[in-house]
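User: Hi! I'd like to go through this model with you and see what stands behind each label.

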Amino acid sequence: MIKYDKLWDTMKSKGITKYTLHKEYHFSKSLLHRLQNNEGVSMNTINTLCNILDCNIEDIATHYKD
């Protein structure tokens, strides 16, 4: 299972909000919902988030064994 709990802390430290992702970077509300609920997203989305937040994948996602 992949969890995105670190994403919200990283966003806060970089001054990026969900509203910013939606309005400035055109993230759909359904994509934000999937991230918030630790549902599957594409690697392209993870890559985009890392570029926006100028961070590594470990700064936004954690893998937990099922």
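User: How much area does the chain expose, and what share of it do carbon and sulfur atoms supply?

Analyst: The chain exposes about 4,600 Å², and carbon and sulfur atoms supply 49% of it. Accessible areas here come from the Shrake-Rupley method with a 1.4 Å probe. Keep in mind that this is a predicted model, where local features need pLDDT of at least 70, side-chain atom pairs count only at pLDDT 80 or more, and totals for chains, interfaces and linings use all residues. Residues are numbered from 1 along each chain as its sequence is written, and side-chain values use heavy atoms, leaving out hydrogens and water.

User: What makes the chain as compact as a globular protein of that length?

Analyst: Its radius of gyration, taken over C-alpha atoms, is 11 Å; the globule rule (2.2 Å times the number of residues to the power 0.38) gives 11 Å for 66 residues, so the chain is as compact as a globular protein of that length.

User: Why does Thr45 count as buried?

Analyst: Buried means under 20% relative accessible area (over 50% is exposed, in between is partly exposed; 1.4 Å probe, protein chains only). Thr45 has 11% relative accessibility, so Thr45 counts as buried. Leaving aside neighbours within four places in sequence, Thr45 is in contact (heavy atoms within 4.5 Å) with Phe27 and Leu31.

User: Which residues have the most contacts inside the largest nonpolar core?

Analyst: Those are Leu7, Leu21 and Ile60, in a core of 18 residues. Such a core is a set of buried Ala, Val, Leu, Ile, Met, Phe, Trp, Tyr and Cys residues joined through side-chain atoms within 4.5 Å.
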